[in-house]
2 protein chains.
Amino acid sequence: MANKPTTAQFKAQAQVFKALAHPGRLLMVDELSRGERCVCELAELVGSEMPTVSRHLAQLKHAGIVDDEKRGAQVFYRLVTPCVMNFFQCVASVREKSQR
Amino acid sequence: MANKPTTAQFKAQAQVFKALAHPGRLLMVDELSRGERCVCELAELVGSEMPTVSRHLAQLKHAGIVDDEKRGAQVFYRLVTPCVMNFFQCVASVREKSQR
DNA sequence: TAGGAAATTAGCCAAGTGGCTAAATCTGTC
DNA sequence: GACAGATTTAGCCACTTGGCTAATTTCCTA
């Protein structure tokens with residue numbers, strides 16, 4: 001299981017990390033961990049224009065972190081891989097250590 | 001435990017993810033999970049020039065993911081937060097889901 | 001079917017990233 | 001102390017990212 005990943009795998013992994021490497025996107029992921037939300041709700045949450053938020057969500061979707069579903073005039077996004085939430089605790093511990 | 005993090009916390013978390021959002025740096029972190037390495041070893045591993053690798057390592061250090069120690073003319077880096085390795089499994093599952 | 005809201009796409013621009021080479025710094029050795 | 005090797009820093013350049021506004025698409029409701 002702990003075999004060396006290939007270059008292509010590292011590249012793909014990096015894409016996932018890159019998708020999470022933005023405060024606004026983290027905020028959205030955190031919000032989506034509590035249930036699905038439409039784009040307009042997330043736009044209000046992060047305080048950016050809707051086109052901006054839409055592109056952030058497209059990034060998260062492309063990375064496979066969220067999925068979307070159109071219902072009527074709205075598009076609802078939901079977290080498809082909740083395990084990303086586990087990251088946050090580890091990241092918090094990283095930050096604690098780095099502050100010493 | 002699942003309280004809403006603050007904006008500053010999301011920003012700091014994003015920094016950690018950003019440090020991991022690069023194939024070469026992931027490769028280095030993976031290698032360091034098997035023990036400390038000097039800069040020249042890592043440079044050969046990733047196939048980039050030493051200055052480039054040195055800057056990548058500085059990023060990882062700044063994010064609190066690795067630490068360094070000078071011994072003689074060489075600088076050895078080691079993984080300070082092994083929990084980041086747990087990310088990789090989750091990321092792999094993210095990728096599997098996104099490939100359907 | 002006309003109007004309006006929700007969302008995406010396109011185009012623009014400022015700022016950041018990542019690679020390189022050259023120069024500077026540090027360490028051990030002769 | 002000069003030299004050689006290891007590392008970092010500085011400076012340069014191409015490319016990407018992330019924000020905005022404007023335009024386009026889609027869907028619901030009169």
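Begin by selecting V39(B) together with DNA strand D: a backbone N or O atom of V39(B) lies 3.3 Å from a phosphate oxygen of the strand. This pair is a polar contact, that is, two N or O atoms within 3.5 Å; within protein, one atom must be able to donate a hydrogen and the other to accept it, and residues adjacent in sequence count only if both atoms are side-chain atoms. The model is a predicted one, in which local features need pLDDT of at least 70, side-chain atom pairs count only at pLDDT 80 or more, and totals for chains, interfaces and linings use all residues. Residues are numbered from 1 along each chain as its sequence is written, chains are lettered from A and ligands numbered from 1 in the order in which they are written, and side-chain values use heavy atoms, with hydrogens and water left out.

**DNA strand D**

Move next to C40(B), where a polar backbone atom is 2.9 Å from a phosphate oxygen of DNA strand D. Then select R55(A): one of its polar side-chain atoms lies 2.7 Å from a base nitrogen of DNA strand D.

Now widen the selection to every residue near DNA strand D, where near means that a heavy atom of the residue lies within 4 Å. Of the 23 residues around this strand, T52(A), R55(A), H56(A), S54(B) and Y77(B) come nearest. On the DNA side, 67% of the atoms within 4 Å of the protein belong to sugar or phosphate, and the rest to bases.

Colouring by secondary structure shows where this surface comes from. Helices (H or I, at least four residues) and strands (E, at least two) are DSSP runs, numbered from the N terminus. At least two residues each are supplied by α4 (50–62) of chain A and by α3 (39–46), α4 (50–62) and β3 (74–79) of chain B. The largest share, five residues, comes from α4(A). By class, the surface near DNA strand D holds 10 nonpolar, seven polar and six charged residues. Here Ala, Val, Leu, Ile, Met, Phe, Trp, Tyr, Cys and Pro count as nonpolar, Asp, Glu, Lys and Arg as charged, and the others, Gly among them, as polar.

**DNA strand C**

Select DNA strand C and its surroundings. Among the 23 residues around this strand, S54(A), Y77(A), T52(B), R55(B) and H56(B) come nearest. Sugar and phosphate make up 69% of the atoms of DNA strand C that come within 4 Å of the protein.

Three polar contacts merit a close view:

- C40(A): a polar backbone atom is 2.9 Å from a phosphate oxygen of DNA strand C.
- R55(B): a polar side-chain atom lies 2.7 Å from a base nitrogen of DNA strand C.
- H56(B): a side-chain N or O atom is 2.3 Å from a phosphate oxygen of DNA strand C.

The elements that each give at least two residues to this surface are α3 (39–46), α4 and β3 (74–79) of chain A and α4 of chain B. Here α4(B) gives the most, with five residues.

**Where chain A touches chain B**

Hide the DNA and display both protein chains. Their contact (heavy atoms within 4.5 Å) takes 39 residues from chain A and 39 residues from chain B. Together the chains bury about 3400 Å², 76% of it on carbon and sulfur atoms; buried area is the accessible area (1.4 Å probe) that two parts lose on being put together, summed over both.

Across this interface the rule finds zero salt bridges, each defined as a side-chain nitrogen of Lys or Arg within 4 Å of a carboxyl oxygen of Asp or Glu. The count of residue pairs in polar contact, both at pLDDT 80 or more, is also zero. On the side of chain A that touches chain B, two or more residues come from each of α1 (7–20), α2 (23–32) and α5 (84–98). The largest share, 11 residues, belongs to α5(A). This side divides into 23 nonpolar, eight polar and eight charged residues.

**The sheet of chain A**

Finally, show chain A alone, with its five helices and three strands. Along the sequence they follow the pattern α-α-β-α-α-β-β-α. The strands form an open antiparallel sheet in the order β1-β3-β2, where pairing requires at least two DSSP bridges between two strands. β1 (37–38) and β2 (66–71) stand at the edges with a single partner strand each, so one side of each is left without a neighbour in the sheet.

Select F76(A) in β3(A): C38(A) stands opposite this residue, and so does E69(A). Two bridges join β1(A) to β3(A), and six join β2(A) to β3(A). End at the hairpin of β2(A) and β3(A), which has two residues between the strands; G72(A) in the turn has a positive phi of about 70 degrees.
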